[in-house]
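Walk me through this structure, from the inside of one chain out to its partner. Keep the explanation short and follow the residues.

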Amino acid sequence: MTGLSIDNLSMRFELPNGGHVQALEGVSLDLKAGELLSVLGPSGCGKTTLLNIVAGFLAQTGGKLMLNGHEITGPDAERGMVFQAGALFEWMSVRDNVSFGPRMAGKKKADYMGNVDHLLEIVGLQDFKEKMVYELSGGMQQRVALARCLANDPDVILMDEPLGALDALTREKMQSLVLKLWKETGKTIILITHSVEEALLLGERLIVMAPRPGRIHKEYRLPFADMGVGADLREVKKHPDYAPTREEILNMIWDMEEEIMGTAGEEA
Amino acid sequence: MQTQVNLICTRERLGEAFTELRAATVPNGQVVGDTFNPPEGCNVATGWETFSYQFSTLGGRLAEEIQTVGTKAISAIPALVIYVLIILACMFAYRAIKSFLTSKNDYTSLKTVTFGDESAVRSDFPASIISIVLLFVLWGTFTGSALLPSFLHLPAPFTGQQSFTYTVEGADGTRADAEVFVNVVEAGVAPEEVVFDPGEGLALNDGVEITVYGSELVTWDRNDELKRADGARIVAINGEEFDYDFNNSDDPTNAAPSFDVGFARVTPNHRGSLNIIPEQGWQMQPLYLPAPEVVWYRFIEIAKYGYQNVYLSVHLGFSLFRVIVGFVLGAAVGIPLGYAMGLSNWFRGWFDPIVEFMRPVPPLALIPLVIIWFGIFEVGKIFLLFLAALWIMAIAARSGASGVRITKVHAAYSLGASRWQILRHVIIPNSLPEIFTGARVAMGVCWGTVVAAELVAATEGIGKMITVASKFQNTDIILMGVIIIGLVGFGIDMLMRLAERRLVPWKGKG
């Protein structure tokens with residue numbers, strides 16, 4: 001079968017002081033090829049742990065992870081990653097950053113250069129190919145990161161708060177870009193975010209996770225991502241379902257945060 | 001053979017211990033350690049007890065030393081204050097001129113907060129220029145340099161011919177006057193014979209030649225009729241009479257008078273001769289500090305003809321050769337070692353104690369060992385520089401390799417890179433800025449070490465040149481060597497900075 005299947009995933013690790021942390025418990029999720037899933041949750045709910053396990057940077061302690069019929073055992077070019085910041089190689093030009101994957105795979109320059117230039121054009125950086133990445137603004141750097149990931153043609157793209165460090169205006173433009181890339185390339189995307197609005201606008205599916213142990217609290221299927229493709233995202237926000245859903249999720253997360261703060265207060 | 005015994009003992013028991021010790025002394029004066037039985041209440045101190053006792057009693061000596069140092073330091077304060085005042089005076093003068101000449105509309109001059117705004121603090125280029133020029137001016141002022149107009153010179157020592165008179169009184173009370181002609185000449189200049197008229201009478205005139213900064217004892221009576229042996233003695237200098245008991249010079253209340261005769265200080269000594277010390281002025285003796293142009297001429301001369309049969313270029317070339325070879329070897333071993341330590345727990349655990357132990361050991365402390373092991377030739381010195389560079393480069397490479405952001409490594413893995421590719425394309429480039437910083441430090445340390453190593457043992461090298469010059473008191477060559485060392489060290493650092501800017505332009509921008 002194609003797509004990503006997560007079955008009863010759990011993650012438990014021991015602390016040096018003898019205690020243990022149940023970071024994830026019983027997380028099950030099926031993601032068809034081409035779906036865009038956004039993941040929300042209060043801090044400490046295991047979002048990043050989940051993403052790191054899917055990326056192969058961490059080994060789970062229970063459950064199974066399958067991608068396109070085979071088990072995930074470590075990092076691989078089939079699962080690309082976009083980080084919040086600081087993951088670009090500042091000793092390389094924009095073009096060298098984007099062509100990093102194909103170059104490492106030993107592909108011929110003629111075979112990948114066309115695609116790299118095309119991707120740079122899609123993300124609007126065709127005039128900055130020869131620049132060094134540290135000469136670019138934060139938003140431009142994240143576009144390089146997106147292009148670099150796509151140039152490797154992964155099956156799944158994992159995004160760990162890719163727009164979290166950007167200012168509000170740039171962020172809105174980048175959200176449109178993510179939607180556009182998603183539609184054009186048909187990639188499966190998992191997007192972790194702190195912003196409820198971003199999760200609503202970009203997520204075709206949305207899961208809200210709860211902490212202690214980290215688990216899926218509620219799942220939504222949303223129409224906004226499809227509406228947002230090629231459209232003004234501000235128009236999408238005027239949809240009658242948008243505001244109530246946002247409030248519902250916000251309240252949910254708010255309650256969880258309160259609970260955490262409450263218990264933390266008792267412990268202290 | 002000699003044996004030393006340190007005792008821990010009460011005062012009362014000490015006498016007994018000495019008796020025992022004497023009993024254990026064999027007739028020829030040697031103490032046989034085995035037969036010495038300390039009396040009850042006495043112990044032979046262990047090495048550690050001796051060490052800690054001696055260490056605890058060190059305080060008194062050190063207190064004296066700190067007093068000496070403190071006195072010196074305090075005596076330097078006026079000079080420091082004057083220097084700071086000169087700096088401030090130059091600053092205000094420069095600012096006044098500048099504000100007069102430039103408009104006040106650029107952004108920086110509109111800033112009202114500059115004190116504490118570290119982004120506004122930059123090295124002021126004119127200040128650097130003035131500071132260096134002032135150094136040379138001070139140097140010239142204190143040495144009477146020909147490069148400076150003479151009104152900027154401090155008073156020079158007296159040179160030339162002058163005279164003073166003395167009055168001698170014979171045992172029978174007859175008096176006679178005579179003149180002493182003094183010719184003070186520059187060092188190394190063939191002195192002109194002092195021409196004078198011997199005059200006539202019971203005392204005849206004398207002539208004496210003195211090298212500048214020197215002094216001379218005049219036996220005025222060698223040509224006089226009135227002789228010291230006959231009870232004659234001097235009673236006045238330049239007509240100024242004095243009362244001095246020549247036969248009782250040990251009495252501290254009976255101090256010998258001293259006369260300022262204008263160009264010199266004349267002091268009769270207890271034997272009745274006259275000690276003449278010509279006026280030394282305020283300038284530094286060339287032995288202590290030669291004038292800048294003297295150093296420059298020396299430089300030209302040695303650059304042309306060499307020093308002690310070795311050309312200056314050879315001295316410099318050998319020093320540079322040692323530094324470069326030592327540094328390259330140190331980097332060639334230190335960088336891979338640092339990477340291994342930065343990337344593997346096992347290697348880090350293995351080498352951490354060694355590196356952390358060796359790092360604070362100054363290479364100079366190893367010179368005796370290195371000479372014993374490798375001899376005084378190139379291998380030994382290069383080994384020393386290798387060690388100096390090794391630890392610095394290892395630590396720089398270690399922190400560079402372990403300082404790579406994990407997101408970069410994760411990103412590279414997700415892009416399909418292998419371990420080797422990550423090392424080659426991520427970890428190594430990411431560590432280059434740190435390695436360059438380390439290389440700059442290592443080069444500086446190597447340059448300092450090579451000079452010191454050559455001071456100890458070498459046949460060529462800038463340090464060697466200085467050692468040889470110091471044996472002949474060629475202060476100008478020592479000074480020239482110091483300036484060359486400073487300039488070359490500075491030049492090396494500038495080159496490294498240039499290379500850094502070219503090769504790792506992303507430094508500090510990650």
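This is a predicted model. Start with strand β3 of chain A, residues 36–40. The strand is mostly covered: 5 of its 5 residues are buried. In a regular strand the side chains alternate between the two faces of the sheet. Here both faces are covered. A:Leu36, A:Ser38 and A:Leu40 are buried on one side, and A:Leu37 and A:Val39 are buried on the other.

Now look at the neighbours of β3(A). Strands of a sheet pair through backbone hydrogen bonds, either parallel or antiparallel. Strand β8 of chain A, residues 188–192, runs parallel to β3(A), and 4 bridges join the two. Within that pairing, A:Leu37 stands opposite A:Ile190. Strand β9 of chain A, residues 205–210, also runs parallel to β3(A), again with 4 bridges. There A:Ser38 has A:Leu206 as its bridge partner.

Another sheet of chain A pairs the other way. This open sheet has 4 strands in the order β2-β1-β4-β5, with antiparallel pairing. Its edge strands are β2 (20–31) and β5 (70–71), each of which pairs on one side only. Further in, β1 (residues 4–14) and β4 (residues 62–67) run antiparallel and share 5 bridges. In β4(A), A:Lys64 stands opposite A:Asp7.

Next comes a helix. Of the 9 residues of α1 in chain A, residues 47–55, 8 are buried, so the helix is largely enclosed by the rest of the structure. The buried set includes A:Leu50, A:Leu51, A:Ile53 and A:Val54. A:Lys47, A:Thr49 and A:Asn52 are also among the buried residues of α1(A). A:Gly56 follows the helix, with a positive phi near 95°.

Step back to the whole of chain A. Its secondary structure comes to 10 helices and 10 strands. The radius of gyration is 19 Å, close to the 18 Å that the globule rule gives for 268 residues, so chain A is as compact as a globular protein of that length. The C-alpha trace spans about 60 × 45 × 40 Å along its principal axes. Of the 268 residues, 42% count as buried. Among contacts in chain A with a separation of 6 or more, 69% come from residues 24 or more positions apart.

Chain A also divides into domains. The assignment gives domain 1 as 4–78 + 156–167 + 174–267 and domain 2 as 85–153. Their C-alpha centres lie 26 Å apart. Where the two meet, 10 residues of domain 1 are in contact with 14 residues of domain 2. Helix α6 of chain A, residues 168–185, supplies the largest share of the domain 1 side, 4 residues. By class, that side has 9 nonpolar, 1 polar and no charged residues.

Now cross to the other chain. The contact between the chains takes 21 residues from chain A and 16 residues from chain B. On the chain A side, β6 (79–82) and α3 (100–104) each supply at least two residues. That side has 14 nonpolar, 4 polar and 3 charged residues.

What lies inside? In soluble globular proteins, nonpolar side chains tend to be buried together. The largest nonpolar core in this model has 129 residues. The members that touch the most others are A:Ile190, B:Leu385, B:Ala389, B:Met393 and B:Cys446. A:Ile190 is already familiar as the residue opposite A:Leu37. Helix α10 of chain B, residues 378–402, gives this core its largest share, 17 residues. Leaving out residues up to four places away in sequence, B:Cys446 touches B:Val323, B:Gly326, B:Phe327, B:Leu385, B:Ala388 and B:Ala389. Apart from the largest core lies another core, of 18 residues, with B:Ala178, B:Ile210, B:Val261 and B:Ile276 among them.

Finish on one residue of helix α10 of chain B, B:Ala397. Is B:Ala397 buried or exposed? B:Ala397 has 26 other C-beta atoms within 10 Å, so it is buried; the cut-off is 20 or more. Beyond residues up to four places away in sequence, B:Ala397 touches B:Gly334, B:Ile335, B:Gly338, B:Tyr339, B:Gly342, B:Ser431 and B:Ile435. Take B:Ser431 from that list: B:Ala397 and B:Ser431 are 34 residues apart in sequence, but 6.7 Å apart in space, C-alpha to C-alpha.

Methods: Residues are numbered from 1 along each chain as its sequence is written. Chains are lettered from A and ligands numbered from 1 in the order in which they are written. This is a predicted model: local features need pLDDT of at least 70, side-chain atom pairs count only at pLDDT 80 or more; totals for chains, interfaces and linings use all residues. Two residues are in contact if their C-beta atoms, placed from the backbone, lie within 7 Å. Ala, Val, Leu, Ile, Met, Phe, Trp, Tyr, Cys and Pro count as nonpolar, Asp, Glu, Lys and Arg as charged, and the others, Gly among them, as polar. A residue is buried if 20 or more other C-beta atoms lie within 10 Å of its own, exposed if 12 or fewer, and partly exposed in between; C-beta atoms are placed from the backbone. Two strands pair if DSSP finds at least two bridges between them. The radius of gyration is taken over C-alpha atoms; the globule rule is 2.2 Å times the number of residues to the power 0.38. Domain bounds come from an automatic or database domain assignment. A nonpolar core is a set of buried Ala, Val, Leu, Ile, Met, Phe, Trp, Tyr and Cys residues joined through C-beta atoms within 7 Å.
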